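Q: Please take a close look at one salt bridge in this model. Then use it as a starting point and walk me through the parts around the rest of the chain.

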Amino acid sequence: MFLGFGLDAWITIVTVLGMFTILLFTKWRSDVVFLGAIGVLFVTGVLDAKEAFSGFSSTSVITVGVLFVVVAGLTHTGVLQWIVKNLLGTPDGFSKAVTRLMVPVAVLSSFLSNTTVVALFVGIVKMWSKKLGVSPSKLLIPLSYASGMGGVCTLIGTPPNLIISGLYEEKTGVAMNILTTTIPGLFCLFVGVLSIIAMRRLLPDRKAPEDAFEMTNEYTLELLVPSDNPYIGKKLGEVGLIHVDGGSLIELYHFDNAPSPISEDLPIMGGDRLVYAGRIDQLIDVADKYQLVSADHPVFSTKEFSEGHRLHTAYVNIGSSLIGKTIGDSTFEKDNNVMLAAVARSGERINEVPRKVVLRAGDTLLLVCPKHFNLDTDSLKGALRFFDSDDVPNMGSGTLISTAIMIAMVTLSALGIMPLLECAFLAAAAMLIFRCCNMEQAMKAINWEILMVFAGSAVLGLAIQKTGIAEWMANGILDVCGTNPLVVMTAVCFVGTFITEFISNTAAGAMFFPIMYEAAEKMGYEPFPFLVALMVSVSSSFATPIGSPTHMLVYGPGGYRFSDFMRVGLLMNIIILAANILIVNIVYPITPLQ
């Protein structure tokens with residue numbers, strides 16, 4: 001024993017701290033990190049085989065996996081697009097615009113993945129903001145906040161609700177209703193909307209990143225002379241490569257990094273890199289005419305540059321492998337068959353050769369891509385986020401069918417006619433039978449990384465409880481806060497809200513469940529209301545862009561800075577925490593254990 005803990009407890013503490021350190025300061029995949037943590041706890045004997053892999057057979061984890069298929073049916077039948085098209089409208093004034101945006105987003109996020117909802121709305125909100133004459137940065141943070149607040153309104157709206165309710169059922173044998181958190185969630189949403197309206201001046205007024213790309217006569221494009229180019233050996237002036245249609249040659253590099261002086265007598269050599277400034281559409285035609293290729297081609301062949309290109313805007317994800325690098329020093333262009341035309345940061349285009357710009361999170365890239373370009377490859381998803389996909393579903397009879405299936409699933413579960421897991425399985429099967437999505441789309445929709453994190457979080461919670469850490473922390477909270485249940489509830493929820501700014505809300509929910517449960521039981525109170533308050537608090541991360549995947553989705557498109565979230569989010573954290581504690585104690589009064 002050391003400081004009251006046995007060896008198993010210290011192994012668990014070191015494993016948990018190490019796991020969160022890796023997640024915060026490295027770019028390792030979260031599912032690999034969680035699986036590694038499970039492996040450590042299993043190999044060291046902290047957990048036996050059944051305990052270590054219990055998360056993978058958890059009903060809450062299986063429910064999340066099946067719900068991915070249900071969401072796929074709704075997405076591919078255009079339900080979300082129909083709602084967006086018919087609900088936003090043209091409100092007069094910021095207050096009405098925020099309300100018109102946040103309410104439907106919250107309702108959708110109560111039943112669907114909030115990441116899916118926000119990904120759909122980002123592009124729509126950016127166009128809508130121009131129509132309203134409002135900066136997108138004024139609306140994208142409320143969009144992300146609404147998805148988080150809406151997610152807590154049902155058990156299926158956000159993973160922590162499912163994992164906490166699942167752990168509660170394992171402890172007590174009593175299943176929570178799918179609408180357990182609906183009234184507390186709606187009240188917090190109401191308070192949140194009013195708070196956003198009241199704090200409108202704290203919302204940043206940033207220039208939209210893509211506005212920097214509207215002047216197409218100022219782009220630069222770096223091209224390469226392939227070794228089989230017919231103009232090799234001729235002079236720049238003779239061929240006409242200095243002043244071309246739509247632009248001019250501004251830099252030329254032979255075989256080193258030092259630019260050569262531009263002159264009409266300069267000979268053209270294989271491997272030369274030419275940097276042009278001008279209109280991007282005409283410069284692409286020049287590349288075709290003079291048989292030039294992308295500047296990142298180790299095999300210099302004119303066949304590698306194909307006709308028919310289009311422009312795509314993408315944002316550098318937080319955690320992207322491109323951060324801290326230049327495109328010129330990576331193989332990104334070659335690997336994905338694209339060319340970088342321009343880079344913007346905080347709404348302003350960077351006036352440097354694009355391939356030499358050291359990239360940061362949130363940077364906006366203008367890419368020249370093939371006409372039929374796949375935006376959904378794994379390599380692109382990990383580095384960039386595109387919002388101009390052509391994959392828009394057609395709305396029709398499938399829209400009504402998938403909506404009816406979703407409503408039936410929620411109704412059967414809410415009325416207690418059938419457990420949620422069975423309802424989810426039936427809904428997923430119905431989506432496939434009625435062709436709301438096909439088998440390939442259904443399997444592609446399942447996010448295995450999230451499921452791995454979900455299962456790993458449940459196992460960590462078990463380890464924290466089994467080794468006595470939860471009991472020790474519960475005793476520590478009681479020593480500091482006394483035995484006033486309201487104070488203890490507030491203290492744990494406050495710490496949970498803070499922790500979830502830096503780790504996944506799923507992990508926070510699993511970690512704090514045994515602590516809250518132990519604290520309630522030690523005070524002699526029914527844990528149920530304490531756990532409902534915990535569900536809301538671990539999903540209330542507003543102060544950092546890394547606190548939620550939806551924050552990261554809007555970070556680039558909004559042209560935000562890290563401090564923008566803190567300025568609004570710290571107040572929102574406190575406001576929603578107070579609203580949460582108030583409404584939970586009204587709807588679910590604290591009662592002594594029977």
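A: Glu51 forms a salt bridge with Lys466. The closest N and O atoms of the two are 2.7 Å apart. This is a predicted model, and so are the atom positions behind that distance. Glu51 sits in helix 3, while Lys466 sits in helix 18 (residues 448-466), so the pair ties together parts that are 415 residues apart in sequence. Lys466 is partly exposed, at 43% relative accessibility.

How many salt bridges does a search of the whole structure find? It finds two. The other pairing is between the side chains of Asp564 and Arg567, at 3.8 Å from N to O. Here both residues lie in helix 24 (residues 562-587). They are three residues apart, about one turn of the helix. An α-helix has 3.6 residues a turn, so residues three or four places apart point the same way. The two ends of this bridge have their own settings. Asp564 is buried, with a relative accessible area of 1%. Arg567 is partly exposed, at 40%.

Go back to helix 3 (49-52), and step into the loop between it and helix 4 (59-76). Phe56 is found in that loop. Phe56 has 35% relative accessibility, so it counts as partly exposed. Phe56 also helps make a nonpolar surface patch, along with Leu35, Phe42, Val43 and Phe53. The patch covers about 460 Å².

Now look inside. The largest nonpolar core has 137 residues. Among those with the most contacts inside this core are Leu101, Phe121, Leu143 and Tyr145. Met409, Leu531 and Met572 belong to that group too. Which helix gives the most to this core? It is helix 21 (residues 505-523), with 12 residues. There is also a second, separate core, of 25 residues. It includes Leu249, Leu274, Ala287 and Tyr290.

Next, follow the chain on from helix 18 to helix 19 (residues 469-481). Helix 19 has 13 residues, and at 1.5 Å a residue it should span 18 Å. Its end C-alpha atoms are 18 Å apart, which agrees. Its buried residues are Ile469, Ala470, Ala474, Ile477 and Leu478. After helix 19 comes Gly482. The phi of Gly482 is positive, near 80°.

Two other residues have a positive phi without being glycine. One is Gln291, with phi near 55°. Gln291 lies in the loop between helix 12 (280-289) and strand 5 (293-294). It is partly exposed, with a relative accessible area of 32%. The other is Arg435, with phi near 60°. Arg435 is in the loop between helix 16 (420-433) and helix 17 (439-445). Is Arg435 buried or exposed? It is exposed, with a relative accessible area of 75%.

Some pairs can be followed by the distance between their C-alpha atoms. Leu224 lies in strand 1 (residues 219-224). It is buried, with a relative accessible area of 4%. The C-alpha atoms of Leu224 and Gly271 are separated by 6.2 Å, and the two residues are 47 residues apart along the chain. Another pair is Ile499 and Phe512, which are 13 residues apart along the chain. Their C-alpha atoms are separated by 9.9 Å. Ile499 is in helix 20 (residues 485-499). It is partly exposed, with a relative accessible area of 24%.

Last, the cysteines. How many disulfides are counted? The count comes to zero. Why do Cys153 and Cys188 not form one? A disulfide needs its two sulfur atoms within 2.5 Å. The sulfur of Cys153 is 8.3 Å from the closest cysteine sulfur, in Cys188, so the two are too far for a bond. Seen from the other side, the closest cysteine sulfur to that of Cys188 is the one in Cys153. Both residues are inside the fold by their accessibility: Cys153 is buried at 3%, and Cys188 is buried at 2%.

Note on methods:
Residues are numbered from 1 along each chain as its sequence is written. This is a predicted model: local features need pLDDT of at least 70, side-chain atom pairs count only at pLDDT 80 or more; totals for chains, interfaces and linings use all residues. Side-chain values use heavy atoms; hydrogens and water are left out. A nonpolar core is a set of buried Ala, Val, Leu, Ile, Met, Phe, Trp, Tyr and Cys residues joined through side-chain atoms within 4.5 Å. Buried means under 20% relative accessible area, exposed over 50%, partly exposed in between (1.4 Å probe, protein chains only). Helices (H or I, at least four residues) and strands (E, at least two) are DSSP runs, numbered from the N terminus. Patches are made of residues with over 30% relative accessible area and no salt bridge: like charges are joined within 9 Å, nonpolar side chains (Val, Leu, Ile, Met, Phe, Trp, Tyr) within 5 Å. Accessible areas come from the Shrake-Rupley method with a 1.4 Å probe; for residues, only the protein chains shown count as cover. A salt bridge is a side-chain nitrogen of Lys or Arg within 4 Å of a carboxyl oxygen of Asp or Glu. The expected span of a helix is 1.5 Å times one less than its number of residues.
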